[in-house]
Amino acid sequence: MIYVSKSDVGRLREENQDSCDAFCIGNTLFGVVADGMGGYKGGSIASGIAIESVRRLVEAEYTEAMSESALLSLLQSCFVLANSDILQRSIKEAELSGMGTTMVLSALRPGRALFLNVGDSRAYHIVDGQAQQITKDQSYVQHLVDIGEITPEEARSHPQKNIIMQAVGVSTIVTPDVYTLDYRGEPVLLCSDGLSNMVCDGAIAAAVEQNGADTAAAGRLVDMANDAGGTDNISVVLMQNNNGNAGDEHE
């Protein structure tokens with residue numbers, strides 16, 4: 001098993017408001033990417049709280065004997081806990097009011113993979129030389145695509161592409177979208193929009209296919225986003241549960 005996380009401030013931002021993590025429990029890999037928002041310090045605090053909440057709950061409650069439905073319930077609870085933790089912090093500290101974060105969360109087991117997301121951070125399945133997008137952005141621009149107002153190509157450069165329809169930590173209820181798929185050990189990528197807005201799916205797939213789901217591939221993806229302008233923070237988690245020996249790499 002391979003899992004690596006990497007986050008970079010990019011070329012234009014002064015602060016990195018992204019957070020990411022990847023870890024292994026038994027034969028299951030967990031990965032999470034959060035892209036914070038909320039002004040100076042708020043975004044980085046919100047994304048950091050979300051990441052910490054996920055690991056705390058999963059490490060406390062996950063067992064390999066869990067059924068898929070029980071695992072899904074646990075992952076949904078991660079969003080509830082992160083939402084509550086962020087809200088409580090923003091209530092205690094008035095200067096953090098309104099902070100929130102996107103979040104994409106994944107669990108990879110031999111044979112099956114689960115994905116949940118809120119906002120526009122994404123999950124990709126790298127298979128047969130293609131980066132297949134698993135999650136759908138919870139964004140205004142994606143809504144326009146869904147109703148036929150604009151094309152996917154127009155969405156990439158739409159002036160309102162940064163507007164998301166839901167975030168973790170900004171209201172009392174959070175509802176992640178859920179995706180599941182049969183999984184045969186291929187690379188999986190989780191990323192913030194600092195990557196997906198700057199690098200096309202084909203280039204993402206090529207970088208992972210060339211390097212594998214390791215530190216070199218994660219670094220290459222970050223470099224590609226920066227070379228394209230680096231207009232936002234960039235975070236990537238690469239995971240591959242091929243049922244081999246576990247490796248752990250973070251930057």
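## Helix pairs, aromatic rings and a few single residues

Let's start with two neighbours: helix 6 (residues 201-211) packs against helix 7 (residues 215-227) at an angle of about 150 degrees, and their axes are 8 Å apart. That angle is over 145 degrees, so helix 6 counts as roughly antiparallel to helix 7. Keep in mind that you're looking at a predicted model.

Which way do helix 6 and helix 7 cross, left-handed or right-handed? Their crossing is right-handed. If you want to find the contact on screen, pick out A203, I204, A207, V208 and N211 in helix 6, which meet A216, A217, R220, L221 and M224 in helix 7. Sorted by class, the residues of this contact come out as 8 nonpolar, 1 polar and 1 charged.

**A second helix pair**

Now go back along the chain to helix 1 (residues 42-61) and helix 2 (residues 68-92). These two pack at an angle of about 135 degrees, with 8 Å between their axes. What does that angle make them, oblique or roughly antiparallel? Roughly antiparallel would take an angle over 145 degrees, and helix 1 and helix 2 are therefore oblique to each other. The crossing of helix 1 and helix 2 is right-handed.

Here's who touches whom. On the helix 1 side you'll find I45, A46, I49, A50, S53, V54, R56, L57, V58 and E61, and they meet L74, S77, C78, L81, A82, D85, I86 and R89 on the helix 2 side. By class, that contact has 12 nonpolar, 2 polar and 4 charged residues.

**Rings that pair up**

Next, the aromatic side chains. How many aromatic pairs does the structure hold? There are 2. In one of them, F23 and F30 are stacked, with 5.3 Å from centre to centre and 20 degrees between the planes. F23 and F30 are both buried.

F30 also pairs with Y62, and this pair is edge-to-face: the centres are 5.1 Å apart and the planes make an angle of 80 degrees. Where along the chain do F30 and Y62 sit? F30 is in strand 3 (residues 28-37), while Y62 is in the loop between helix 1 and helix 2, so this pair links distant parts of the chain, 32 residues apart. Y62 is buried, just as F30 is. Put the rings together and you get one aromatic cluster made of F23, F30 and Y62.

**Some single residues**

Let's look at a handful of residues one by one. D128 sits in the loop between strand 7 (122-127) and strand 8 (130-133). Its phi is near 55 degrees, which is a positive value in a residue other than glycine. Is D128 buried or exposed? With a relative accessibility of 74%, D128 counts as exposed.

Helix 2 gives us two more residues to check. Q88 is found in helix 2, and at 42% relative accessibility it counts as partly exposed. I91 is in helix 2 too, but I91 counts as exposed, at 69% relative accessibility.

S7 belongs to strand 1 (residues 2-8). What is its relative accessible area? It is 22%, so S7 is partly exposed; the cut-off for buried is under 20%. E149, for its part, lies in the loop between helix 3 (140-146) and helix 4 (152-155). E149 has a relative accessible area of 56%, and because exposed means over 50%, E149 is exposed.

**Along the chain and through space**

How do steps along the chain go with distances in space? The table pairs each of four residues with a partner elsewhere in the chain.

| Residues | Apart in sequence | C-alpha to C-alpha distance |
|---|---|---|
| S7 and Q142 | 135 residues | 25 Å |
| Q88 and G169 | 81 residues | 8.8 Å |
| I91 and I134 | 43 residues | 34 Å |
| E149 and G111 | 38 residues | 38 Å |

Try tracing a couple of these yourself. The C-alpha atoms of Q88 and G169 are separated by 8.8 Å, with their places 81 residues apart along the chain. For I91 and I134, 43 residues apart along the chain, the separation is 34 Å.

Note on methods:
Residues are numbered from 1 along each chain as its sequence is written. This is a predicted model: local features need pLDDT of at least 70, side-chain atom pairs count only at pLDDT 80 or more; totals for chains, interfaces and linings use all residues. Side-chain values use heavy atoms; hydrogens and water are left out. Axes are lines fitted to C-alpha atoms, for helices over the stretch in contact, and angles run from 0 to 180 degrees between N-to-C directions. Helices (H or I, at least four residues) and strands (E, at least two) are DSSP runs, numbered from the N terminus. Angles under 35 degrees count as roughly parallel, over 145 as roughly antiparallel, 65 to 115 as roughly perpendicular and the rest as oblique. A crossing is left-handed if the near helix is turned anticlockwise from the far one by less than a right angle, and right-handed if clockwise. Contact means heavy atoms within 4.5 Å. Ala, Val, Leu, Ile, Met, Phe, Trp, Tyr, Cys and Pro count as nonpolar, Asp, Glu, Lys and Arg as charged, and the others, Gly among them, as polar. Rings of Phe, Tyr and Trp (its six-membered ring) pair if their centres lie within 6.5 Å; planes under 30 degrees apart count as stacked, over 60 as edge-to-face and the rest as tilted. Buried means under 20% relative accessible area, exposed over 50%, partly exposed in between (1.4 Å probe, protein chains only).
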